[in-house]
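Here are a few exercises to work through with the model open in your viewer. Try each task before reading its solution.

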Amino acid sequence: MSKKPTYQELEKELKKLRKELADNSKTTQALLDNILHSSTEMSVAATDINLNITYFNSRAEHIFGYKKNDIIGKNLTEIHAMENIEFSKIENAIKIVREKGKYEYYVNSNTDEGIKHFKSIVSGIWDFKEKLVGFVLFTNDITEQVNSQKEIKKLSVAVEQSANSIIITDLDGNIEYVNSKFLDITGYTENEVKGKNPRILNAQKQALQYYIDLWKTITKGEIWKGEFCNKTKYGNLFWEQVTITPIKNDKNEIINYLAIKEDITIRKDTEQELHATNEELLATTDSLKETNKELLAAVQKIEEKEKRLKDIILISNDWLWEVDNSGNFTYVSGKIKSILGYEPSEIIGKPLFDLMHDAEKQRVILYFSETISKQKKVIDFENWTIHKNGHLVCNQTNGRPIFDKRNNLIGYRGVNKDITEHKKIEDSFKESEARFRTIVTNSTPIIFMIDINGKMLLSEGKMLKTLGLKSGEVVGLSVFDLYKDYPIIIDNIKMALNGTTFEGVIKLDELFFEAFFSPNLDSEGNISGIIGMALDITLHINIEQKLKEQNNKYIALNEKYIATNDELLENNKEISLINKKLISAKKRAEESDRLKTEFINNMSHEIRTPMNGILGFSSLLAKENLSNEKRKYFIKIIHSSGNQLLQIIDDILEISKLGTKQVKTFEEKLSLNNFLTELFSVFEVKAKENKIPLYLKKGLSNKKSIIITDKNILNKVISNLINNAIKFTNSGYIEFGYNLVDNKLQIYVKDTGIGIRPEKQKIIFKRFSQEEKDITQKRGGLGLGLSIAKENIELIGGKISVESEKGKGAIFYITIPYKPVLLDSKIKNKKISNKKNKYTVLVVEDENINYLYLEILINDYNKKIKVIHAKNGKEAVEICKEKNDITLVLMDLKMPIMNGFEASMLIKSFRPKLPIIAQTAFSTTEDKSNALKAGCDEFVSKPINIKLFAEILSKYLK
């Protein structure tokens, strides 16, 4: 590619042309045209002495928007009108050219592509007699150069304001540049370190070979990463994580070294403390060694996370901005596009208040005016802006004033963080807290919390009236003062504060309470106070005492008269019968009391667990210098604990509604097949998280599965059973579906979990009952789920039952009336037709959702086709051996136990003419070749094209 002529070369050539003009004007003009046209990067326009345009090259056409044929002969001022330059300025430029021969000026122009920047040079044209006969205008587009300078300035500001120390040295390691963060950490001034070697920071904590290896690495042009223990100007030690990168020129020669250093002193101190703790733990028992391994693993995870964070380039998820004193945007970063939907060009120059609704605008204007008048920093100021599509976005704004060289305030610069989701979670948490407060306040037992110093933090419950107290009346008072006359209470509180849980009966004057005092632990496992519950059992105690007294009286009478009066024998028998009834009543009362006590204890544990998460992590959110990652993690835990608490509350409310007959049924039309498919898609994700496969079986066609029932109740009951199956199944599989039996729908949920002992299979449907007491501690729950399911299903005329064997899983059956929408359908649920389908297709697929999709495609193609499902290659081979009526196999290639390649080869060995279609996500040429070599007749890539799939079925099902 030929070199483009410079302005000086063009001017020199023009002078040469002037001398040749008298001899051969035509030749000279042609040569001039060649030279000017060769300047494809420079706009060239020539005029006569009256500024009428005589020449216009192609680049000028591009810049000024005129075609050469349209502009020749017109005046130069007509094209300058685009550049907003008055004619007087052009006259001034021409005047300067007449005197000095050349004039240079710069122009900015607004175009559809944005602001463009141009550099223009005006020069005279003289004839061979040195007479000025015209002018030539050279114009260059310098937009890219100007924008590059702006970007360099932004990068310079980013480096200067970086949270990490940055050093640039020459090839000998002498410092040429340091940023302000370096000066803040080390205590040195810029003049004190310039020209010095960074070894002035050396604390001599690392071996010489460490630095030799560093130097060898970077002088070879490679990046070095490591840690330094350095000291400040005043001798204080600090640790830094350092990355040193050689800076190279266009010739790949090293010209400087760049060091980016992060202060990791706090992390190193933490590592040293963990190391010391580790040494102590190694000397303890074997059980503590396991805990030590977990701690070491946690430390390694923390180090891995920190290393990953250091390797990632600092990219802000927030949007940066600058405004002038009037609040008009002078700069916004591109991140605003993903947060508010605007391009930066749509915002720059407009007031920031235009992004807000009226009420918010007035509030922010007042705040902005006060901030500017006092030249204060903006710290965590929350405000609401309107997204381009209309919804509101909550911002957390931080900023600082910008001053010019004379210390005059010229605007503000800052950053906006999108905290909309955080605000939603915060509102959700407040709502959950309010609901919990309502439940606790209206609870029958007294629920209380005490801090580590004995001060009452919570005192709620209806039974406070029995003590003459109101809700929250003693909050803030010391329990040691309130109950100083009751040593047993003081002793139990002290025991709980020392880590011992108390459960038992205490007496206050004439009242008896079933009490529970438990240590409350913070997020670090330390005792932070007590949580407890007290239930007034005075009436129960009095009844029990009266029963004992009455029983003693009857026994005394029996012993007194048994020897003397035979007539009293019958009376004694009656008395004995009454005693038995009283004892039975007493046992039932004790069992009821025991169940209620267990429920109260269980409810206390279930409530206390999420409350510990909510209160503990809420307090951690108030810590200063908390990273965004930890803050988001803590908020996620709070949100999860709040949902857990809401589930407990919902269960309590629902069992109350069922008990008071407040639940109403609402029957509607429902496609059972679609309904169960939706449940499958919801729970498959959760099952996969536990590495348990989930399967769905449907017993009727889509039309026959449309029934009349209460969808809400059915969803609640089946979801509860599937949830339990996932919770109590550690290996194997889970399957759910339905069959039509005796004109009733029998829906089942089958698992291979822990199972239920036969003697416990009836009580699990009673309120507050579980098979084993320790299930609550291991798995959680109030023991209400199955009782709620039973009472709900009975509302729609159904029954629930279970078949199970301990350790071998369980099958829960729900039987409901079959109310089909298509009443004229002839449904045969007892006799199965012996008529065989013309075609039978075997779908070999380990993912049940993929099988369901293929089943729908096949039924859409021909509803008479019988579809069989195999979950792996081994099962497919066995089915093909047993069933001779299979006419087509759809084979997935990637499956457990036996893959599709091996299964295809085995099937072809004994049924060589059976068509096998490979359907898989593997789509490379090699995969296709391997499938065909294994015996597959066709190859279909996932996602499956419906039209292509229909063509394949037509080909093989003739």
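Two strands pair if DSSP finds at least two bridges between them. Keep in mind that this is a predicted model.

**Exercise 1. Work out how strands S28 and S29 are joined, and which way they run.**

Step 1: Pull up S28 (residues 840-844) and look for its bridges to S29; there are 5 of them. With a cut-off of at least two bridges, the 5 found here make S28 and S29 a pair. The two strands run parallel.

Step 2: For one concrete bridge, take Val844, whose partner in S29 is Ala870.

Step 3: Now trace the chain from S28 to S29: the path goes through helix H26 (residues 848-861), giving a β-α-β crossover that is right-handed.

Step 4: Finish with the surroundings of S29 (residues 866-870), where 4 of the 5 residues are buried, leaving the strand mostly covered.

**Exercise 2. Classify the ring pairs Phe353 with Phe368 and Phe448 with Phe517.**

Step 1: A pair of aromatic rings is described by the distance of the centres and the angle of the planes. The whole structure holds 14 aromatic pairs.

Step 2: Phe353 and Phe368 are 5.7 Å apart, centre to centre, with 75° between the planes, so with edge-to-face meaning over 60 degrees, this pair is edge-to-face.

Step 3: What does this pair tie together? Phe353 is in the loop between helix H14 (344-347) and helix H15 (358-374), while Phe368 is in H15 itself, so the contact links parts 15 residues apart in sequence. Phe353 is buried at 10% relative accessible area, and Phe368 is buried at 14%.

Step 4: For Phe448 and Phe517 the centres are 5.5 Å apart and the planes 55°, which makes the pair tilted. Phe448 belongs to strand S16 (residues 446-451) and Phe517 to strand S19 (residues 511-521), so this one bridges parts 69 residues apart in sequence. Both of these Phe residues are buried.

**Exercise 3. Find the lysines that sit over the rings of Trp239 and Tyr695.**

Step 1: Over the face of Trp239 you'll find Lys268, at 4.4 Å from the ring centre.

Step 2: Over the ring of Tyr695 sits the charged end of Lys871, 4.7 Å from the centre.

**Exercise 4. Is Thr709 buried or exposed, and what does Thr709 touch?**

Step 1: Place Thr709 in strand S23 (residues 706-709).

Step 2: Its relative accessible area is 5%, so Thr709 counts as buried.

Step 3: Skipping residues up to four places away in sequence, the contacts of Thr709 are Phe666, Glu667, Glu668, Leu670, Leu714, Ile796 and Ile816.

Key
Residues numbered from 1 in each chain as written. Predicted model: local features only at pLDDT ≥ 70, side-chain atom pairs only at ≥ 80, totals over all residues. Heavy atoms only, no water. Buried < 20%, exposed > 50% of the residue type's maximum accessible area, 1.4 Å probe, protein only. Right-handed = clockwise from strand over helix to strand, strands pointing away. Phe/Tyr/Trp six-rings, centres within 6.5 Å; stacked < 30°, edge-to-face > 60°. Lys NZ or Arg CZ within 6 Å of the ring centre and 35° of its normal. Contact = heavy atoms within 4.5 Å.
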